[in-house]
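Colleague: I would like a close look at one helix and the space around it. Please start at its N-terminal end and work outward from there.

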Amino acid sequence: MGVLPLAADLPDAELGQFGQDPWWVIALKAVFIFLILVLLTLFNIWFERRVVARMQHRVGPNVHGPFGLLQSLADGVKLALKEDIIPKAADKVVFLIAPVIATVPAFVTWSVIPLGPEVNFFGHRTPLQLTDMPVAVLFVMAIASIGIYGIVLGGWSSGSTYSLLGGLRSSAQMISYEVAMGLALVAVFLYAGSMSTSEIVEAQDRLWFGLILLPSFVIYVISMVGETNRAPFDLPEAEGELVGGFHTEYSSLKFALFFLAEYINLATVSAIATTLFLGGWAAPWGIENIWDGANSGYWPLLWFFGKVFLFVFLFVWLRGSLPRMRYDQFMALGWKVLIPVSLAWIVAVATIRVISLEGNINRTYLVAAIAVLLVLTVGLMFLGDGKGDAAPAETAEEPHDAFAGGFPVPPMPAGGAVRGGAAPLTFTTGRTTVTAAAEESHE
């Protein structure tokens, strides 16, 4: 903890450099961000299918284009040419607007993501970032929460029970995990002394926050998987009980917009994690020591997207290896584990910051005490109440009445559930006892 920078020592980023660009530079930046996100989505879909295929000992897309790279483009063209169906029971206006509400915020959030330092952009010096503001991270969280409305309205306006349940699940899930995600970022604000994305990147010049704020980093990574409805947290799209979730009734380009929003959000949360915890566009350790130009020019784009692809690979890895959670377990993880741990960690980080700036207490003992408290907090959360661990009391066997509830219900075996072939069941009707085998032979 002795190498952590103090708030007074952090560099003051010149936010005045934003908003001074001519209109054509702003327009070109916006167009480039749009093109990058569309191409990134096409690549991520191909990448996911190829990686999952390798994990399952399959080949994956390999026909359209070199290495199958054009498969995602072919799928997009196919979706555009499909028949556009609107259910009769749907609210047509909301049904059409919902995919747009879900997609537009996914693009807007990238306006404050720093992709690199100040560069020569067609003869004009400008940072590789569309804009920045003192509350840029809060802006990202606010815009991302608007996308929830698109999902909820899409499920409600479809006129389908399955879609409505999927929309309600998704809203509850995304709101729950946005709370944990926001709390995980508070520690970053405390150490960076700012909510500006460019200033947070500069604050990690000496050490990345992903290491010194490891609990916040872990909580954010878990929360971003739940926020994007990705496996193993893809319960709003659980085909076992909801067919396809909130977009069951959508087809053609409207379904493609929901699909596009999901993959852009995947890249967005990865870019935020890169910016806030992995130094943003800064080169990995050691490279800047042997190469002076590693953090200048357009080279930082390589470092930034390299870190983003690490998170994308994590998403794909989780999808290909973990089974889907049960919904009550998933919500309990967010409300009973992630949020309490986040609150305890914020108190610990705030205490360290105050003592670092004003106090004279030995920081080693303080860190050790906080670590013990965190371990105790986590242990108490996972400690059961012991109600389900007690052995069931032995009760005297009573005669089983198969017709007690009005329907013939076969009794459970005396020793509980039986593995493999069970003994033939007997059903008592009046004074006659009939075995299952005899009943089948009689029929």
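Modeller: Start with the cap. Ser160 caps the N-terminal end of α5, with a side-chain oxygen 3.4 Å from the backbone nitrogen of Tyr162. Bear in mind that this is a predicted model.

Now follow the helix along. α5 has 32 residues, and at 1.5 Å a residue these should span 46 Å. The end C-alpha atoms of α5 are 46 Å apart, so the expected span and the model agree. Just past the other end sits Gly193, with a positive phi of about 75°.

One distant part of the chain comes up alongside. Ala187 and Val347 are separated by 160 residues in sequence, yet their C-alpha atoms are 9.1 Å apart. Val347 belongs to helix α13, which covers residues 327-358. Val347 counts as exposed because its relative accessible area is 54%, over the 50% cut-off. The chain as a whole has many such long-range pairs to offer: among contacts between residues at least 6 apart in sequence, 76% join residues at least 24 apart.

Next, the enclosed space. Rolling a probe the size of a water molecule over the atoms shows where empty space is left. Across the whole structure, the search finds two cavities of 30 Å³ or more. The largest holds about 370 Å³ of space. Its lining has 27 residues, and those closest to the centre are Ala144, Met174, Glu227, Ala261 and Asn265. Here α5 comes back in. The elements that each give two or more residues to this lining are α3 (92-108), α4 (136-157), α5 (161-192), α8 (214-227) and α10 (252-277). By class, the lining splits into 17 nonpolar, six polar and four charged residues.

The second largest cavity has about 30 Å³ of space. Its lining consists of Asn44, Glu48, Arg230, Tyr263, Leu266, Val312, Phe315 and Val316. Two or more residues come from each of α1 (23-55), α10 and α12 (300-321). α12 gives the most, with three residues. Five of the lining residues are nonpolar, one is polar and two are charged.

Then there is open space. The largest pocket has a volume of about 950 Å³. Its lining runs to 37 residues, with Ile45, Phe255, Phe259, Glu262 and Tyr263 nearest the centre. Tyr263 is also among the residues lining the second largest cavity. α1, α2 (71-81) and α10 each supply at least two residues of the pocket lining. α10 gives the most, with nine residues. The classes here are 21 nonpolar, six polar and ten charged.

So which elements deserve a second look after α5? Take α10 and α1.

α10 is listed for the largest cavity, for the second largest cavity and for the largest pocket. Within helix α10 lies Ser252. Its phi is near 55°, a positive value in a residue other than glycine. Most residues other than glycine have a negative phi. Ser252 counts as buried because its relative accessibility is 5%, under the 20% cut-off.

α1 has 33 residues and reaches 47 Å from its first C-alpha to its last. That is close to the 48 Å expected at 1.5 Å a residue. Just after α1 comes His57, with a positive phi of about 60°. His57 is not a glycine either. It is found in the loop between α1 and α2. Is His57 buried or exposed? His57 is exposed, because its relative accessible area of 77% is over the 50% cut-off. Ser252 and His57 both carry a positive phi, but Ser252 is buried and His57 is exposed.

Last, the wider setting. The chain has 15 helices and four strands. Of its 443 residues, 43% count as buried.

To return to your helix: α5 is capped by Ser160, is followed by Gly193 with its positive phi, and gives two or more residues to the lining of the largest cavity.

Key. Residues are numbered from 1 along each chain as its sequence is written. This is a predicted model: local features need pLDDT of at least 70, side-chain atom pairs count only at pLDDT 80 or more; totals for chains, interfaces and linings use all residues. Side-chain values use heavy atoms; hydrogens and water are left out. On a 1 Å grid over the protein atoms alone, a cavity is a set of points where a 1.4 Å probe fits but cannot get out, and a pocket is an open set with protein on both sides within 12 Å along at least five of seven lines; lining residues have an atom within 4 Å of a point. Grid points are joined across faces, edges and corners, and a volume is the space filled by probe spheres set on the points. Ala, Val, Leu, Ile, Met, Phe, Trp, Tyr, Cys and Pro count as nonpolar, Asp, Glu, Lys and Arg as charged, and the others, Gly among them, as polar. The expected span of a helix is 1.5 Å times one less than its number of residues. A polar contact is a pair of N or O atoms within 3.5 Å; within protein, one must be able to donate a hydrogen and the other to accept it, and residues adjacent in sequence count only if both atoms are side-chain atoms. Buried means under 20% relative accessible area, exposed over 50%, partly exposed in between (1.4 Å probe, protein chains only). Contact means heavy atoms within 4.5 Å.
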